[in-house]
Amino acid sequence: MSSKPINIVVVGGSLASLFTSIILKRLGHNITILERSPTSLLQTQGAGIVAGSYTQDFFNQYDRTHTPIAVSSKLRQYLDKSGKVIDKDEREQRMTSWDLLYNVLRANFDGGGSREYCPLPPEQQQGGGTVEGEARYEVDRIVVGVEKADDGMTVKYHKHGDDESVQSVSADLVIAADGASSSVRNLYEPTERKYAGYVAWRGTVNENVLSSKHPQAAKAFVEKFTFFHAQNIQILSYVIPGPKGTLKPGERLVNWVWYCNYAAESDEWRDLMTDINGKLNTTTLHAGKMRPEIWIKQKEYARQALPPQFADLVCETQEPFVQAITDSIADKNVFADDKVVAVGDAVAGFRPHTAASTTQAAYHALLLERVSKGEMSWDGWQDEVMSYARKMQRSGVEMGDRSQFGKHPLAS
């Protein structure tokens, strides 16, 4: 990558895109993000995230709003079916939320995001007098093609409902940050996204609500990373920032993830993933889209299968959502004579047991800084990225298969 300012188009506008774009903008490059969503702000995914080391490194170095992003969990513990603690390990981990990270990143990239989460950062120049590049975050951009041009690359896109009016933008470099099903990566490296045979039910409950209604559940989960394993089941919980990113005790959210097996294309799976409008969703059933009878049935199952603390937490949840667990990994992530590269889940989609998806995206961005400064070649960057991806992907498969199809050593 040239150390001189170049024009970069980033396809996708979520966390991986923003990590990468902030660093490259600070180095003087002009960044245009093309996000397929028609809204100016991506909606909260309602999801908790473990803030891994690379994620923390990124925010420590690049967040000019200086916004605290995480809740500390100082104890990792396991319950048996009765709710008794059967194993524990004093290990500190830091937990955050998708919506807080997104809004802080938008503030740092283009001054976007909600000011309810964080202030705008002060305007600064890069050390040494290098002026930052331009930042553009464009929505309602469905990318349909990436082609070589005489002076670089051309990215073609259209708006929702207007696929006849294809527009284009030129770039010196194109970055695919459009997720595990990346359309840009698939132009160069078609990659299967394979269902793993189980899903993650997810949800959150306000900390004060849980404490007042179910004090024993709150005692088990607040500022603890708590697990329960049984045959074909794993559920875990931890506290994350609350609405608008608050870290105030009582106003935070207790986040839970419950893994349950559903055979691919089975009647049970199709019933689960069919939403209130009759649409079959293959990867995510969003909050607010679940059919009431499905949720009633799952809450009844929670009372039968889970420790009482977890059952209380699940049954107190108002808007659960479901994510199908999938595996995907490309063979490489640099294409078109170093003019197109993939980052984040577009390289490898990890099972969430690794807690590494967000930290992978931050890691890619931190390495790209070295490429931009001439400290690392594209070949070297690809070697590092793919080595990490293969390692974490294997780890996720091993953990998930043991949890859902094997025998966990702490299973009840």
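This is a short chat about a predicted model and how some of its residues and its overall fold are described.

User: Let's start with the whole chain. What makes it as compact as a globular protein of that length?

Analyst: First, the make-up: the chain has 11 helices and 21 strands. Its radius of gyration is 22 Å, close to the 22 Å that the globule rule gives for 412 residues, so the chain counts as being as compact as a globular protein of that length. Along the principal axes, the C-alpha trace spans about 65 × 45 × 40 Å.

User: How much of the chain is buried?

Analyst: Buried residues account for 57% of the 412 residues.

User: Now the loop between β19 and β20. Why is A336 called buried?

Analyst: A336 sits in that loop, between β19 (334-335) and β20 (340-342). Its relative accessible area is 18%, and buried means under 20%, so A336 makes the cut.

User: What stands out about the phi of A336?

Analyst: Phi of A336 is near 50°, which is a positive value in a residue other than glycine. D338 lies in the loop between β19 and β20 too, and D338 has a positive phi of about 70°, again without being a glycine.

User: Is D338 buried, partly exposed or exposed, and how do you know?

Analyst: D338 has 33% relative accessibility. Partly exposed runs between the 20% limit for buried and the 50% limit for exposed, so D338 counts as partly exposed.

User: Which residues gather with D338 in a patch of negative charge?

Analyst: D379, D383 and E384 join D338 in that surface patch. What makes them a patch is that each has over 30% relative accessible area and no salt bridge, with like charges joined within 9 Å. D338, at 33%, clears that area limit.

User: And E384, why is it called partly exposed?

Analyst: E384 is found in helix α11 (residues 378-405). Its relative accessibility is 36%, which falls between 20% and 50%, so E384 counts as partly exposed. That 36% is also over the 30% a patch member needs.

User: One more residue: where is S14, and why is S14 called partly exposed?

Analyst: S14 is in the loop between β1 (7-11) and α1 (15-26). With 25% relative accessibility, S14 is past the 20% limit for buried but not over 50%, so the label is partly exposed.

User: How far apart are the C-alpha atoms of S14 and G179?

Analyst: They are separated by 8.7 Å, while S14 and G179 are 165 residues apart along the chain.

Key. Residues numbered from 1 in each chain as written. Predicted model: local features only at pLDDT ≥ 70, side-chain atom pairs only at ≥ 80, totals over all residues. Heavy atoms only, no water. Helix = DSSP H or I, 4+ residues; strand = E, 2+ residues; numbered from the N terminus. Buried < 20%, exposed > 50% of the residue type's maximum accessible area, 1.4 Å probe, protein only. Patch = residues over 30% accessible without salt bridge, like charges linked within 9 Å, V, L, I, M, F, W, Y side chains within 5 Å. Areas by Shrake-Rupley, 256 points an atom, 1.4 Å probe, with all protein chains shown as cover. Salt bridge = Lys/Arg side-chain N within 4 Å of Asp/Glu carboxyl O. Lys, Arg positive; Asp, Glu negative; His and termini not counted. Charge placed at Lys NZ, Arg CZ, Asp CG, Glu CD. Rg over C-alpha atoms; globule rule 2.2 N^0.38 Å.
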